[in-house]
Amino acid sequence: YNVEKYLSKCLNSFLDLSILDKLEVIIVNDGSTDHTLNYIKKFEREDDRVVVIDKPNEGVSKARNDALDVARGEYVYFLDPDDFIDASWCEEMYVLASKYHADILIFNFYNIVNGIKHFCLTNIPVGVYNLENILMFVDYLPITPKLYRREIIKNVRFNTNIKVGEVFDFFIGVLLNTHRIYVTDRFYYN
């Protein structure tokens, strides 16, 4: 919502990727009143991998659900408009998820404050887990960004009645459908 000043860095961080011709980018304009819609429509015209959903403002949970309803890819990754990824990360995530047949890929991320990157770690040892054995290795469940196999989230949606903690609530719902989780020590989010 009203994120035009962030969109260039966010979208260019992965749309320049020539390696992923199968990449599908769903951008939801959640009723922005600035120039966000014009900006994302430009990306849609210039790149056939981009799909724009323009809708009234209903909040982040409903916007993500609307994107999930039209997603066709094998994996789903949520990227907030004021965040970005590095160019090689899409391919690296896909390779890891495919190699380990992961339903969920859990990874570290960077939190950037005043231009300084801070390491945010999952503190889970690298490896393949099922639901039962990952719970043995965690003091708390990570709410870090994740890559999800679309098949396991097809019946899970964000709760639109929750304003704080909706990502954690979604993750718990997904965990109930998960058979294989791969945790890497790599960083795939800024």
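**Stop 1: the second largest pocket**

Start with the lining of the second largest pocket. By class, 14 of its residues are nonpolar, 4 are polar and 5 are charged. Keep in mind that this is a predicted model. The pocket holds about 490 Å³.

Which residues should you select to find its centre? Pick Asp80, Ile143, Thr144, Pro145 and Val167, which lie nearest the centre among the 23 lining residues. Now colour the elements around them. H3, E4, strand E7 (146-149) and helix H7 (166-175) each give at least two residues to this lining.

**Stop 2: the largest pocket**

Move on to the largest pocket. Its space comes to about 1200 Å³. Select Glu24, Val25, Ile26, Tyr77 and Phe78. Of the 45 lining residues, these are the closest to the centre.

Next, show the elements that supply two or more residues to this lining: helix H1 (4-15), strand E1 (25-30), helix H3 (60-70), strand E3 (75-77) and helix H4 (89-99). Which element gives the largest share? Select E1: 6 lining residues come from this strand.

Colour the lining by class. You will find 30 nonpolar, 5 polar and 10 charged residues. Look at H3 again as you leave. H3 helps line the largest pocket, and H3 also supplies residues to the second largest pocket.

**Stop 3: strand E8**

Select residues 181-187. This is strand E8. Is E8 largely enclosed or largely open? Count its buried residues, taking buried as under 20% relative accessible area. The count is 5 of 7, so the rest of the structure largely encloses E8.

Now add the partners. Show strand E4 (residues 104-113). E4 and E8 pair in the parallel sense, over 4 bridges. Then show strand E6 (residues 127-129). E6 runs antiparallel to E8, and 3 bridges join them.

Zoom in on Tyr182 in E8. Which residues stand opposite Tyr182? Leu105 is one of them. Val128 is another. While you are here, turn the view edge-on. In a regular strand, side chains alternate between the two faces of the sheet.

**Stop 4: confidence**

Finish by colouring the chain by pLDDT. The mean for the protein chain is 91. Residues at 70 or more make up 97% of the chain.

Where is confidence lowest, and where is it highest? Select H1 for the lowest, with a mean of 84. Select H3 for the highest, at 97. One habit to keep: where pLDDT is low, do not read the predicted coordinates in detail.

Methods:
Residues numbered from 1 in each chain as written. Predicted model: local features only at pLDDT ≥ 70, side-chain atom pairs only at ≥ 80, totals over all residues. Heavy atoms only, no water. Buried < 20%, exposed > 50% of the residue type's maximum accessible area, 1.4 Å probe, protein only. Pairing = 2+ DSSP bridges. 1 Å grid on protein atoms, 1.4 Å probe; cavity = no way out; pocket = protein on both sides within 12 Å on 5 of 7 lines; lining within 4 Å. Points joined across faces, edges and corners; volume = space filled by probe spheres on them. Nonpolar A, V, L, I, M, F, W, Y, C, P; charged D, E, K, R; others polar. pLDDT = per-residue confidence, 0-100.
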